[in-house]
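Please read the points below with the sequence and the structure open side by side. They go from a surface patch to charged pairs, then to rings and confidence.

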Amino acid sequence: MGRGTTADVSLPRPGLTLTGALAVALALLAFGAVMIGPYALTPGQVLAALTGQGDPQAQIVVWNIRLPRVGAALLVGAALAAAGASYQALFRNPLVSPDILGVSAGAGLGAVAGIFLSLPVAAIQASAFVGGMVAVGVVMLVGALVRNTDRTLTLVLLGVVVGALAGAATSLLKVMADPYDQLPAITFWLLGSLASITMRDILPALPMVLVGLIPLALLRWRINVLSLGDDEARALGVEAGRTRFVVIAAATLITASVTALAGVVGWVGLVIPHIARMLVGPGFARLLPASALIGACYLLIVDTLARTIAAVEVPLGVLTAVIGAPFFVWLLARGRRGWS
Amino acid sequence: MLEARDLAIGYGVRPIGTGLSVAVKPGEILCLLGPNGCGKTTLFRTLLGLLPSHGGTVLLNGRPITAMTRAAIARAVAYVPQAHAPPFPFEAVEVVLMGRTARLGAFSQPGKADRAAAHDAMRRLGIHDLAHRDYSRLSGGQRQLVLIARALAQEAALIVMDEPTASLDFGNQAQVLAQVADLARDASAEGHGVILSTHDPDQAFALDARVLLMCRGGVYAEGPAPEVLTDANLSTVYGLPVTVETTSSGRRVCLPSLSQSAPTMTSNAFTMA
C-alpha cells in the first residue's frame, strides 16, 4: 500500500481524485440518459437543444421531458444515499436505511391520504412531505419521553411502531379507495416512480434537500465521533443528544422531500453508502459526497432502465429492490457486524 | 484534579451506591477494585458526568462537573473504554484523532496540528506502525493501546480507564499496565492522574497504586495498596479465602483459595451480580 510512509502527518486523500472521477462519470451518464428514450437523440441534437438551437421537437423532448426526469433521478438518488449514510453513522449500523424512523411509511400515508381525497398533485406531494416529517417527529417526541438507557434502540423500535401504524392506516385507505381510479395511483406511488415529473415538481424539493445537506456537511467530523456510541462521543466532548437531533432532522428533511417527489424508493439509502464506504472509507467528510454522487449515478441508471426496458413504466421501487435485495444478502454473507 | 465527596450513584430512582468519596492528584494511580455488581461502572459513568449523581458533587479542577460543557469535561478527563469492535472500519489513526474533538469547533475537522498530536500519541505508545491499519481488525490488545493513544491525544490531565486489561492475553495485559504506569510517572512532564478499574488486585500492587476497594455500592476500604489489600479485606469483599504473599522479588500477589469446600462461595460476589 505504501500509504503514509513518507509524510505521516498528512493523511493520504484517495477520496479527492475518486470524487472527481465520480463527478465526470455522473456528467457522462446524465448526458447519455438525455439521449436515450422512445424519441432517440444523437449527441449533436442534445448539444444543439441545450444551447437552444436545432430541431424544435428535440428541444421540447430535452427541456420538458428528459432533463426534468434526469434531474429528478439525480436529486432523489443523491438525497437518499446521503440520508442513508447519515442514518447509518448515527445508528452505528451499516445495515440501516433512511426509513428506519418511519419517514417512508409516514410519507406513504400522507400521499395515499392525498390521493384518496383526490387532491391536486402539489397537495399530494405536500401531504407526503408532512406525513414523513410528522412520523419521525412522533418517534423523536415519544423517544424523548420514554426513559430508557439505550437511546438508539428506543428510537429504532419506535420507528418500527410508527411505521406499522402508518402502514395500517395506509392499508385501510387502500381498501376504501376507488379501485379503478385511485388504487392504481396509490400502488404506483407506493412503489416509487419519476414518470410524469416536471420542473415544477423538482423546484420545491431541491432547496429542501440542499438545506438538509448543510448541517450534515458542517457536522461531518462530529458524525464520525457519534458513530462510536453515546457514552464515548460525550466523553470525547460531543453533546450527543443535540447533535443526533440535528442530524436526524436534516436527514429526515432530505428523505421526506424526495419521497414526496418520487414516492417510496427503497434500498438506495441502504446499499449506496456501503459501496461508497468501500471506496473512500468510513470518514464522513468523504463518505457524504461519495454517497451522494454514487446514489445519483445509481438512480439515474435505474430510472433510465425503468422507462426503457418495457413498453410500460416499471416502478422504481421494484427495480431498486431487485438489485438491492441480493446485494444486501451479499453484505450479510460478508459478515459485517450489526448492533453490538 | 478530580474530587468527589459523599457521592450517591445509580440509575433510575434508587441509588445503588452511597457515601462514595474519590480524589485523584496528578501522578497518582487510583485502582478501583470490587466484585461484579458492586457499582464500579456506575461510579465511572458518574465521575465522567455521563450519569447524573443522586447526591454529592463531582469537582473537576474545583468546578462542579454539572456546570461544565461536554467539551470542557473532555479537555479535563479522558475516558478509555474497554476495547470494543466499532461498526465501521476506521483507520487506527482516525480513532486516535477523535480524541481531538473537544479542541475543535463544532463544525471543524482536525487539522495538521491535530494529526501531528495523534501520530505523536501513537508513537509514544509504540504503536505507530498501526496508524493506517483498520482499527476494527486489530487485536484486543492493539485496540486498547489505540484507545489509550486517543486519551493521550485528548491531552486531558486525568485518564479514566474501564478495565483496561479485561479480555487481553497475558502479554498484552503486562504491556498495557506498563503504559499505564508510564502515564502517571512520566519524568519528563507532569504525570497524568489515572483512575482504573480492574478485577485483578495484583495489578494494584504492580502499579503501586492507591486502592478504592468497593463492596455493595460503598467504599469498603481506601488507601495505599499494601494497607487496603490485606488477607482479611479481600476475603470479606470477594467472599472466599484470599492470602496475600510476597514473592522473592519483593512483589505482592493475591492468592484466592480454589478449594471447593470453601463455604462462602455463595456469598457477595455471586448474589450481587
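1. Start with A:Val130, bearing in mind that this is a predicted model. A:Val130 sits in helix H5 of chain A, which covers residues 121-145. Its relative accessible area is 45%, so the residue is partly exposed.

2. A:Val130 contributes to a nonpolar patch on the surface. The other members are A:Val134, A:Val138, A:Leu141, A:Val142, A:Leu145 and A:Val146. The patch area is about 580 Å². Residues enter such a patch only with over 30% relative accessible area; A:Val130, at 45%, therefore clears that cut-off.

3. Next, the charges. How many salt bridges are there over all chains? The search of the whole structure returns 14.

4. One of these salt bridges joins A:Asp230 and A:Arg244. Their closest N and O atoms are 2.9 Å apart. A:Asp230 belongs to helix H10 (residues 230-235) of chain A, and A:Arg244 to helix H11 (residues 240-262) of chain A, so the bridge ties together parts 14 residues apart in sequence.

5. Is A:Arg244 buried or exposed? A:Arg244 is buried, at 9% relative accessibility. Its partner A:Asp230 has 23% and counts as partly exposed. The cut-off for buried is under 20%, which is why A:Asp230, at 23%, does not qualify.

6. A second charged pair in chain A is A:Glu239 with A:Arg242. The N to O distance in this salt bridge is 4.0 Å. A:Arg242 is exposed, at 61% relative accessibility. A:Glu239 is partly exposed, with a relative accessible area of 27%.

7. Chain B has salt bridges too. B:Arg137 meets B:Asp134 at 3.4 Å, N to O. B:Arg137 has a relative accessible area of 60% and is exposed. Elsewhere, B:Lys25, B:Glu28, B:Arg210 and B:Glu222 form one network through salt bridges that share partners.

8. Now the rings. The count of aromatic pairs is 3 over all chains. In one of them, A:Tyr87 and A:Phe91 have ring centres 6.1 Å apart and planes at 20°, so this pair is stacked. Both A:Tyr87 and A:Phe91 are buried.

9. A:Trp267 and A:Phe328 pair edge-to-face. Their centres are 5.8 Å apart, and the angle between the planes is 75°. A:Trp267 lies in the loop between H11 and helix H12 (268-280) of chain A, while A:Phe328 lies in helix H14 of chain A; the pair therefore ties together parts 61 residues apart in sequence.

10. How does burial compare across that ring pair? A:Phe328 is buried, with a relative accessible area of 18%. A:Trp267 is partly exposed, at 29% relative accessibility.

11. On confidence, chain A has an average pLDDT of 89. Of its residues, 93% score at least 70. Which helix of chain A has the highest confidence? That is helix H9 (residues 220-226), at 96. Confidence is lowest in helix H14 (residues 316-333), with a mean of 87. Helix H14 is also where A:Phe328 of the edge-to-face pair lies.

12. Take care with the start of chain A. Over residues 1-12, pLDDT stays under 50. The model has 20 contacts for this stretch beyond four places in sequence. Where pLDDT is low, predicted coordinates should not be read in detail.

Key:
Residues are numbered from 1 along each chain as its sequence is written. Chains are lettered from A and ligands numbered from 1 in the order in which they are written. This is a predicted model: local features need pLDDT of at least 70, side-chain atom pairs count only at pLDDT 80 or more; totals for chains, interfaces and linings use all residues. Side-chain values use heavy atoms; hydrogens and water are left out. pLDDT is the predictor's confidence in each residue, from 0 to 100. Helices (H or I, at least four residues) and strands (E, at least two) are DSSP runs, numbered from the N terminus. Contact means heavy atoms within 4.5 Å. Patches are made of residues with over 30% relative accessible area and no salt bridge: like charges are joined within 9 Å, nonpolar side chains (Val, Leu, Ile, Met, Phe, Trp, Tyr) within 5 Å. Accessible areas come from the Shrake-Rupley method with a 1.4 Å probe; for residues, only the protein chains shown count as cover. A salt bridge is a side-chain nitrogen of Lys or Arg within 4 Å of a carboxyl oxygen of Asp or Glu. Buried means under 20% relative accessible area, exposed over 50%, partly exposed in between (1.4 Å probe, protein chains only). Rings of Phe, Tyr and Trp (its six-membered ring) pair if their centres lie within 6.5 Å; planes under 30 degrees apart count as stacked, over 60 as edge-to-face and the rest as tilted.
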